[in-house]
Amino acid sequence: MSALPLLDYQRYGRQMILDGIGFPGQVKLRKASVAVVGAGGLGCPALQYLCAAGIGRIGIIDHDRVELSNLQRQILHTEETIGLHKAESAARALKSMNSDVLLDVQTVAVVADNARELLAPYDILLDCTDNVPTRYLLSDTAVALGKPLVSGAAQKFEGQLSVFNYGANGPCYRCLYPTPPPRETVGSCAELGIFGVVTGTIGNLQALETIKIILGLHDETPALLIFSALGTPPFRSIKLRSKKESCLACGKSPRIPSSTDYVQFCGGPAPDWVSLGQSSGKANQRAKVEELRQAIESGVELSIIDVRPPTEFGICQLPGSRNIPLKALLEDPKKCIDSGTEPVYVVCRLGNDSQIAAKALRSQIEGEITVKDVIGGLQAWSKEIDPSFPIY
Ligand SMILES: Nc1ncnc2c1ncn2[C@@H]1O[C@H](COP(=O)(O)OP(=O)(O)OP(=O)(O)O)[C@@H](O)[C@H]1O
Ligand SMILES: [Zn+2]
């Protein structure tokens, strides 16, 4: 057995004296390699504890750059690293914490074309991403490469954790979810909100599961841990079945081509990925923020309906706008229109809910009044029209 560098005895002494770790355990950690896909809310805390524990080699893979709105939960990034690639920013922080760990920085998205090549060098994969297509892709890749996948998810006050493709008959993500959820039911952190400590909790647990696997301390029982920050008790664990024979990825006769289009499989791109140009054809039913500005300044009588929840309306709002939350509007769209005020502009935070609301209004008042949703929502208003308008 190879000796550890002398300073490692001091650095890792507190965990080396634990039963089940000891000197051999620390050597296992040093020899281990893990890939963390996503250096955001889940990836940051996971990376932090994996690096602190002395994992030998860590791949950090994320194509995105740090933004101010990330700092509330993506705790490796700082005000100084806004604008840098998240993988680079995370590596900087980790380097100053533990310079001995080998860090591979990959500033690319994991996609079907590169997944196997990017992830093959690592023993264990961590899914710290935030979208369904990537979940399927990482699971299929983990199965193809025969590696455990430590998967985390978090939204609002809730989180989930599971280890897939592990142990004698451990299921994969597809065994649990053979078909993706309907596209319109899936929201992002930006749309739904996320409590920072929730991603911190799940990310830490992802690091824990990973370390247990490396040390041989994992009992291999397939389970789904559900965390509800406001629940009593906050943690519940559901035992999962073994892998399904019929699973297209890990079952008896696997049938997932490596050329699969995961975004299409999951119902197409998320609304905020669609470029403005693609929504043409209905251009006259949609307004750019500049059009709304001109309409407000022209002094014509118009109606601005803000369909965000009241909590968000309370944070900031356009002058003269009325708050009718999407749910209430959908219950009785006709009631929301003031007769005589035309046109009606519908706004929300990012420009997704306003499209749904505008469609519902149009279906009720066909031809009578022009209803336009505001493209890009209040975020676009802030970026393009009024920088003093808060972005959140
Ligand atoms: N296929 C992928 N390859 C690499 N990284 C990915 C992939 N899909 C998602 N990610 C990354 O996973 C991370 C998820 O973290 P999180 O949801 O906390 O961040 P975010 O996307 O910046 O959040 P927000 O929704 O507030 O903008 C993001 O940094 C995102 O870039
Ligand atoms: Zn499966």
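With which residues is C172 in contact, leaving aside its neighbours within four places in sequence? In this predicted model, the contacts of C172 are S139, A142, V143, F164, N165, K243, C247, A249 and C250. C172 is placed in the loop between β6 (158–164) and α8 (173–176). It counts as buried because 25 C-beta neighbours lie inside 10 Å, where 20 or more are required.

C172 also belongs to an annotated group. The UniProt annotation "binding site", taken from an unreviewed entry, covers C172, C175, C247 and C250. These residues span 79 residues in sequence, yet no two of their C-alpha atoms are more than 8.5 Å apart, so they gather at one spot. C250 approaches this spot from another part of the chain, the loop between β8 (235–239) and α11 (262–265). With 25 C-beta neighbours inside 10 Å, C250 likewise counts as buried. Outside the four places on either side in sequence, C250 is in contact with V143, N165, C172, C175 and K243. V143, N165 and K243 therefore appear in the contacts of C172 as well as in those of C250, as read with the gathering of the annotated cysteines at one spot.

A second annotation concerns two further cysteines. Under "active site", the unreviewed UniProt entry lists C189 and C348. C189 lies in helix α9, which comprises residues 189–192. Since 19 C-beta neighbours are found inside 10 Å, C189 counts as partly exposed, the threshold for a buried residue being 20. Its contacts, leaving aside neighbours within four places in sequence, are G41, D130, Q155 and I194. Two of these residues, G41 and D130, lead to the ligand: together with G38, G40 and D64 they come nearest to ligand 1 among the 22 residues around it. The shell of ligand 1 is made up of seven nonpolar, eleven polar and four charged residues.

C348, the other residue listed under "active site", is found in the loop between β12 and α15 (353–364). C348 has 26 C-beta neighbours inside 10 Å and therefore counts as buried. Not counting residues up to four places away in sequence, C348 touches V307, R308, D353, S354 and G377.

The strand β12 that precedes this loop is part of an open sheet of five strands, with parallel pairing and the order β9-β13-β12-β10-β11. At the edges of the sheet are β9 (286–287) and β11 (321–323), each of which pairs on one side only. Within the sheet, strand β10 (residues 303–306) and strand β12 (residues 344–347) are joined in the parallel sense by four bridges. Across this pairing, I304 stands opposite Y345 in β12.

The nonpolar interior remains to be described. In soluble globular proteins, nonpolar side chains tend to be buried together. Here, the largest nonpolar core has 65 residues, and V34, V36, L47 and L125 have the most contacts inside it. The element that gives the most to this core is helix α10 (residues 196–215), with eight residues. Apart from this core lies another, of 25 residues, which includes V289, Y345, V346 and V371. Y345 thus links two parts of the description, being a member of that core and the residue of β12 opposite I304. Returning to the largest core, V34 touches L50, I55, I58, Y122, D123, I124, L126 and T210, not counting residues up to four places away in sequence.

Terms used. Residues are numbered from 1 along each chain as its sequence is written. Chains are lettered from A and ligands numbered from 1 in the order in which they are written. This is a predicted model: local features need pLDDT of at least 70, side-chain atom pairs count only at pLDDT 80 or more; totals for chains, interfaces and linings use all residues. A nonpolar core is a set of buried Ala, Val, Leu, Ile, Met, Phe, Trp, Tyr and Cys residues joined through C-beta atoms within 7 Å. A residue is buried if 20 or more other C-beta atoms lie within 10 Å of its own, exposed if 12 or fewer, and partly exposed in between; C-beta atoms are placed from the backbone. Two residues are in contact if their C-beta atoms, placed from the backbone, lie within 7 Å. Two strands pair if DSSP finds at least two bridges between them. A residue is near a molecule or strand if its C-beta atom, placed from the backbone, lies within 6 Å of it. Ala, Val, Leu, Ile, Met, Phe, Trp, Tyr, Cys and Pro count as nonpolar, Asp, Glu, Lys and Arg as charged, and the others, Gly among them, as polar. UniProt positions are given in the numbering used here, feature names are shortened, and annotations may be inferred rather than shown by experiment.
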